[in-house]
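Subject: Structure handover

Hello,

Here is the structure I promised to pass on. My notes on what turned up follow below it.

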Amino acid sequence: MDVDLTPKSAQKCFGSDGGSYYSWSNSDLPMLGHAKIGAAKLALAKNGLALPSYSDSAKIAYVLQGKGRAGIVMPEASKEKVIGIKKGDALALPFGVTTWWFNNEDTELIVLFLGDTSKGHKVGEFTNFFLTGATGLFTGFTPEFVGRAWDLDEGQVEKFVKSQTASGIVKLKDGTPMPEPKDDRKGIVLNCEEAPLDVDIPKAGCVVVLNTQNLPMIKEVELGADLVRIQGHAMCSPGFSCDSAYQVTYIVRGSGRVQVVGPDGKRALETHLKAGNLFIVPRFFVVSKISDSDGMDWFSIITTPNPMFSHLAGRTGVWKALSPQLLQAAFNVSPDLEKVFTSKRLKDEIFFAPAK
């Protein structure tokens, strides 16, 4: 596959003094089109409100920074759910869900969106449909249709449709009443920084995996996701998705190096990663990362709800399952060298702490 895998940062699409919306494009990151994945970020200043909208794609939202409120209206629901959100929260947003986002704190609220665009209008890109504002859906209907739909007279239609002149994001005045969080987060939100760890390797790294047990709504988006955190100079074992899935990775914190190897043993990517980078690993390609001194955290989605990975190093690595005779023949080494090889990494798996 001759596609540029270079990690990229998001570009601003639109915004106001209330905040901005950023996204990654096919032209800048071609793997988005190949994987049929969309990626975007919402950044809200204090009193910033992202107007109610729905999308043509199922998504997973991950709160990168700050805290605030989110409103969620499921299809055919008679009432919105208003929940408090904070750093580390992950939310599954199926097709047809209407959401709004509000920041009532001084710290900027930043939310990452990763999702499947295979059924979207533009492969590799989200299309959002706003219910209100200058680009709201009802601005496209004639007053007659709006009036009939909402049972309003012409003057009322004019006020409702045209009073909000901003697009997408607005900044409210201090003290503007907004719905308070009042709904149970259970089943809707999982805080990945507080959830029980699925993997925990001392002095190396840990993983929290989103699944139907800890976040039931995730079955509706048909994606897998995880939060990985490795310590300074730790290594993530070389591995690959063995179920034909793409892995879409956003660097949340820290920095480090990454290498990706594809068919014929050719290195498809070797670069330095930093917070804000997004990159995509093609199907069956092998990827490995080594963090810098400050460690590195990343949030990933995998394009299957129950992903399976094979690792090529560590206690559970493929090589550990092969017979000594096969290893000697495959590597063309002596029995003594094969014994050295198989005697290593007998306890370590997935993450490797730095050498002492």
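One cut-off first: a residue is called buried when its relative accessible area is under 20%, exposed when that area is over 50%, and partly exposed in between. Keep in mind that this is a predicted model.

**Confidence and overall build**

The mean pLDDT of the protein chain is 91. A score of at least 70 is reached by 98% of the residues. Confidence peaks in strand S2 (residues 19-23), with a mean of 98. The low point is strand S22 (residues 309-311), with a mean of 72.

The protein chain has 356 residues, and 46% of them count as buried. Its secondary structure comprises seven helices and 23 strands. Along the principal axes, the C-alpha atoms fill a box of roughly 90 × 35 × 30 Å.

**Cysteines**

How many disulfides does the whole structure have? The search returned zero. Cys192 and Cys206 show how the distances work out. From the sulfur of Cys192, the closest cysteine sulfur is in Cys206, 11 Å away, which is too far for a bond. The view from Cys206 gives the matching result: its closest cysteine sulfur is in Cys192, at 11 Å. A disulfide needs the two sulfur atoms within 2.5 Å, so a pair at that separation is not counted.

Are these two cysteines buried or exposed? Cys192 has a relative accessible area of 3%, so Cys192 is buried. Cys206 is at 15%, so Cys206 counts as buried too.

**Strand S16 and its neighbours**

Strand S16 (residues 224-230) is mostly covered. Of its seven residues, six are buried. S16 pairs with two strands described here. Strand S15 (residues 205-210) runs antiparallel to S16, with six bridges between them. In that pairing, Ile230 of S16 stands opposite Gly205. Strand S21 (residues 286-302) is also antiparallel to S16, over seven bridges. There, Gly224 has Ile302 in S21 as its bridge partner.

**Salt bridges**

The count for the structure is ten. Here are some of them, starting with two that link distant parts of the chain.

Lys86 and Glu194 form a salt bridge through their side chains, at 2.9 Å from N to O. Lys86 sits in strand S7 (residues 81-86), and Glu194 in the loop between strand S13 (189-191) and strand S14 (199-201). The two are 108 residues apart. Lys86 has a relative accessible area of 32%, so Lys86 is partly exposed. Glu194 is at 55%, so Glu194 counts as exposed.

Glu193 and Lys87 also meet in a salt bridge, at 2.6 Å from N to O. Glu193 is in the loop between S13 and S14, while Lys87 is in the loop between S7 and strand S8 (89-93), so this pair ties together parts 106 residues apart in sequence. Both ends are partly exposed: Glu193 has a relative accessible area of 31%, and Lys87 is at 39%.

Where does the salt bridge between Lys162 and Glu158 lie? Both residues are in helix H3 (residues 154-162), four residues apart, or about one turn of the helix. Their side chains meet at 3.6 Å, N to O. Lys162 is at 54% relative accessibility, so Lys162 counts as exposed. Glu158 has 42%, so Glu158 is partly exposed.

There is a network as well. Salt bridges link Arg229, Arg253 and Asp297.

**A nonpolar surface patch**

Which residues form the nonpolar patch on the surface? They are Leu312, Val318, Leu322 and Leu326. Together they have about 270 Å² of accessible area. Val318 belongs to helix H5 (residues 318-321). Val318 has a relative accessible area of 36%, so Val318 is partly exposed. Patch members need over 30%, so Val318 clears that cut-off.

**To look at when you open the file**

- The loop between S13 and S14, which holds Glu193 and Glu194.
- S16, with S15 and S21 as antiparallel partners.
- The patch that includes Val318 and Leu322.
- Strand S22, where confidence is lowest.

Best wishes

Note on methods:
Residues numbered from 1 in each chain as written. Predicted model: local features only at pLDDT ≥ 70, side-chain atom pairs only at ≥ 80, totals over all residues. Heavy atoms only, no water. pLDDT = per-residue confidence, 0-100. Buried < 20%, exposed > 50% of the residue type's maximum accessible area, 1.4 Å probe, protein only. Pairing = 2+ DSSP bridges. Patch = residues over 30% accessible without salt bridge, like charges linked within 9 Å, V, L, I, M, F, W, Y side chains within 5 Å. Areas by Shrake-Rupley, 256 points an atom, 1.4 Å probe, with all protein chains shown as cover. Salt bridge = Lys/Arg side-chain N within 4 Å of Asp/Glu carboxyl O.
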